[in-house]
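Grab a pencil and have a go at these exercises before peeking at the solutions.

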Amino acid sequence: MPTTLQDPRVASTLETMYAESRNQMSLLRERRGEFDRPMTTRERTEAMSEFYIPVTPEAGRLLYALVRATRPTTVVEFGMSFGISAVHLAAAVRDNGSGRVVTTELCAAKIAAARQTFADTGLDDVITILEGDALATLAELDGPVDFVLLDGWKDLYLPVIELLEPRLSTGALVVADNTGAADTQPYLDRVRDPANGYVSFNFGVRESDSMELSCRI
């Protein structure tokens, strides 16, 4: 039986978005030095407003499989960007037959582009975009959270998960991408300490990077 990821609208959209992200890589490498200076969250967001920085296709399929397996009622994503990972999450929710994806984004241009993408793929009815600072918008989130993807600014992983912890259901799965980045260490220290209520493990998803999967117990 075909999955929503194999739906022609979804598959062609993801193919186009991944191609665009690959085409951006040389420009991103050229401009990487511009992002090294101290910046506020909004300044960083605007500086990266044209770049995808997506999960890999393999990581996207992993996210799809994890959502299918865990069957969450509410999926929360920190860091939507142009919506590639949200499409994978929403495709899994659609194939599960129930649930919703709540995703967060600060950049207005990316929000507008993602809204069009979600409409074009027919997934807009299962995706809610929270516009603005995630530490503010997620504070208003109702109900339990069963699955979390952390893929925004790495230094915000810890405050975001601390904000969400009171809403995490028992058995909730938290997936943090790019945990090879030094900025994720405070977050990793929290989820790797059993006293904080997680079982956590790390695995390599690229040659120089990894994901952390943490189960709320």
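Two exercises follow, one on a helix and one on charged pairs.

This is a predicted model, where local features need pLDDT of at least 70, side-chain atom pairs count only at pLDDT 80 or more, and totals for chains, interfaces and linings use all residues. Residues are numbered from 1 along each chain as its sequence is written, and side-chain values use heavy atoms, with hydrogens and water left out.

**Exercise 1.** Work out which residues of helix 3 are buried and what they pack against.

*Solution.*
- Step 1: find the helix, a DSSP run of H or I with at least four residues, numbered from the N terminus. Helix 3 covers residues 57–70.
- Step 2: pick out the buried residues (under 20% relative accessible area, 1.4 Å probe, protein chains only). You should get Ala59, Gly60, Leu63, Tyr64, Leu66 and Val67. They sit on the same side of helix 3, because they cover an arc of only 165° around the axis (taken from the directions from the helix axis to the C-beta atoms).
- Step 3: look for partners with heavy atoms within 4.5 Å. These buried residues pack against helix 4, strand 4 (DSSP E, at least two residues), strand 5 and strand 7.

**Exercise 2.** Find the salt bridge partner of Arg68.

*Solution.*
- Step 1: apply the rule, a side-chain nitrogen of Lys or Arg within 4 Å of a carboxyl oxygen of Asp or Glu.
- Step 2: Arg68 pairs with Asp95, with the closest N and O atoms 3.9 Å apart. That pair links helix 3 to helix 4, 27 residues apart.
- Step 3: check exposure, where partly exposed lies between buried and exposed (over 50%). Arg68 is partly exposed at 30%, and Asp95 is too at 23%.

Methods
Expected span 1.5 Å × (residues − 1).
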